[in-house]
Amino acid sequence: MSGVKREINFQFLAEPTDVNFGGKVHGGAVMKWMDQVGYACAAQWSGYYCVTVSVGGIRFFRPILVGQMVTLNAKIVHTGNSSMNIFVAVKSGDPQKNNMVDTCRCIISFVAQDASGYPVDVPTWVAETDEDKALESYAVHAKEFSKQLENELLAAIKE
């Protein structure tokens, strides 16, 4: 789909209101930011309101400190009929030194909905680069693994 962006960036400074009891940015705040940038990416791609279906493979590498620059990048890495898998990467660092480092990443699945809350078709995204093909493969594998875990959980709790 020409003219539609598959990628979006957010950038801002971590604020004192974002900290946990340890004095670092709260992981929940980071997850909220990831969901927000993922939503913006999904809505931009689909042209519809989107809801979060799942978050997978979330990994925190290092803490974010108050006053650090935070950059979130979200990009479409796989599409289904009405679903979109978004790869979100977070970097942070001292804004005066421009030393951004990997902080966190995950895959978030969204579904596009019409005004009545029913799923709607989204434009198909096709991986072209080797990196995009690898990210799409990762997203598909994460989706399959998530379904397997869900089935195992349902079987276990019905016993």
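**Pocket.** I started with the largest pocket of this predicted model, and its volume came out at about 390 Å³. I then looked up who sits around the middle: of the 20 lining residues, S54, S109, A142, K143 and S146 are the closest to the centre.

**Which elements line it?** Next I asked which elements give two or more residues to the lining of the largest pocket. I found β2 (49-60), β4 (83-93), β5 (101-113) and α2 (130-157). Of these, α2 gives the most, with nine residues.

**Fold order.** I stepped back to the whole protein chain and counted two helices and five strands. Reading from the N terminus, I noted the order β-α-β-β-β-β-α, so that α2, the top contributor to the pocket lining, closes the series of elements.

**Extent and contacts.** I checked the box that the C-alpha atoms fill along the principal axes, and it is roughly 50 × 45 × 35 Å. Then I turned to contacts between residues at least 6 apart in sequence: 71% of them join residues at least 24 apart.

**Burial and surface.** How much of the protein chain is buried? I got 37% of the 159 residues. For the outside, I noted about 9500 Å² of exposed area, with carbon and sulfur atoms supplying 53% of it.

**Charges.** Last, I looked at the charges and counted 14 positive and 17 negative ones in the protein chain. The mean positions of the two sets lie 6 Å apart.

Note on methods
Residues are numbered from 1 along each chain as its sequence is written. This is a predicted model: local features need pLDDT of at least 70, side-chain atom pairs count only at pLDDT 80 or more; totals for chains, interfaces and linings use all residues. Side-chain values use heavy atoms; hydrogens and water are left out. Helices (H or I, at least four residues) and strands (E, at least two) are DSSP runs, numbered from the N terminus. Buried means under 20% relative accessible area, exposed over 50%, partly exposed in between (1.4 Å probe, protein chains only). Contact means heavy atoms within 4.5 Å. Accessible areas come from the Shrake-Rupley method with a 1.4 Å probe; for residues, only the protein chains shown count as cover. Lys and Arg count as positive and Asp and Glu as negative; His and the chain ends are not counted. The place of a charge is taken as NZ of Lys, CZ of Arg, CG of Asp or CD of Glu. On a 1 Å grid over the protein atoms alone, a cavity is a set of points where a 1.4 Å probe fits but cannot get out, and a pocket is an open set with protein on both sides within 12 Å along at least five of seven lines; lining residues have an atom within 4 Å of a point. Grid points are joined across faces, edges and corners, and a volume is the space filled by probe spheres set on the points.
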